[in-house]
Each structure stands twice: as structure tokens, then as C-alpha cells.
Amino acid sequence: MKIKWLGHASFKITTKNNTSLITDPYSNDIGLNFPNEFADIITMSHSHFDHNAVNAVLGNPVIMEEGVHNYKDITTRTIRSSHDEFSGKHRGANNIFLISADDMNLC
């Protein structure tokens, strides 16, 4: 497994079978340019522009939503959380993703 930091909260995870997942793609509006990266899968922790710029990712990626999902050799599971200390009343809900691939678990 390869893990590459793409900036802000975004990472690209590539399995030994070359399946790729990008977490939290961001808009260039944050002051960083999102790199030209292809992915099979996208996860987004929440729906703010600095975590959900799916159009910035190349290819035709599958967007993993809440729940348990299997795609190729990657399994994702979501853990619901709040994006603030007021049970999400100020900034909304948040998803924490458990990503399983190559006999490893990432969270």
C-alpha cells in the first residue's frame, strides 16, 4: 500500500492491486491547487468545500457514502461523528472512514 499526502486533509491510497482512493478532495479556493490525480474511489468526511471537491479528481470515481461498502480490493466503513463540540449543531455531521485494504486498516 502506498499513501501520498495531497495537501490539506486529502490523501491518495493505492493498493498493491493499483486500486486508488482519495480522501477529502479540496477546492482550489482554499489557496492550494488540488493535484491532477486519478482515483477509483472518493471518501468525504463532510460536505464543506474544502473536503468535497469531487470534480477535482480525475477518472470516474465511485463516491463512498455512509455505511459499509466494498469496491475492488478496498472496503470502507463509516463512523458517524460531529464536526463540532455541540453535537453538530454548528458545523454539521462528520464521517470518519475506516479503510481496509492489503491486510491493513486505516482510520
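**Exercise 1.** Is Asp40 buried or exposed, judged by its relative accessible area?

*Solution.* The model is a predicted one, and the values below are computed from it. The relative accessible area of Asp40 is 10%, and the cut-off for a buried residue is under 20%. Asp40 is therefore buried.

**Exercise 2.** Find the salt-bridge partner of Asp40, and state where the two residues lie and how accessible the partner is.

*Solution.* Asp40 forms a salt bridge with Lys72, with 3.6 Å between the closest N and O atoms. The pair links distant parts of the chain, since Asp40 belongs to the loop between β3 and β4, whereas Lys72 belongs to the loop between β6 (68-71) and β7 (74-82), 32 residues apart. Lys72 has 58% relative accessibility, and because exposed means over 50%, Lys72 counts as exposed.

**Exercise 3.** Three salt bridges are present in the structure; work out which residues are linked in a network.

*Solution.* Begin with Lys4, which forms a salt bridge with Glu37 at 2.8 Å between the closest N and O atoms. This pair links Lys4 in strand β1 to Glu37 in the loop between β3 and β4 (41-43), 33 residues apart. Next, Glu37 also forms a salt bridge with Lys12, where the closest N and O atoms are 2.9 Å apart. Lys12 lies in strand β2 and Glu37 in the loop between β3 and β4, so this second pair ties together parts that are 25 residues apart in sequence. Lys4, Lys12 and Glu37 are thus linked in a network of salt bridges. As for accessibility, Glu37 and Lys12 are both buried, while Lys4, at 43% relative accessibility, counts as partly exposed.

**Exercise 4.** Describe the open sheet that contains β1 and β5, and then relate Ile13 and Leu21 to the largest nonpolar core.

*Solution.* The open sheet has five strands in the order β1-β2-β3-β4-β5, with mixed pairing. Its edge strands are β1 (2-7) and β5 (62-64), each of which pairs on one side only. Neighbouring strands of the sheet are turned by 20° against each other on average, direction ignored. Within the sheet, β2 (residues 10-14) and β3 (residues 20-23) run antiparallel and are joined by three bridges. Ile13 stands opposite Leu21 in β3, and both residues belong to the largest nonpolar core, which has nine residues, including Ile41, Phe97 and Leu106. The largest share of this core, three residues, comes from strand β8 (residues 93-101).

Methods:
Residues numbered from 1 in each chain as written. Predicted model: local features only at pLDDT ≥ 70, side-chain atom pairs only at ≥ 80, totals over all residues. Heavy atoms only, no water. Core = buried A, V, L, I, M, F, W, Y, C linked by side-chain atoms within 4.5 Å. Buried < 20%, exposed > 50% of the residue type's maximum accessible area, 1.4 Å probe, protein only. Helix = DSSP H or I, 4+ residues; strand = E, 2+ residues; numbered from the N terminus. Pairing = 2+ DSSP bridges. Axes fitted to C-alpha atoms, helices over the stretch in contact; angles between N-to-C directions. Salt bridge = Lys/Arg side-chain N within 4 Å of Asp/Glu carboxyl O.
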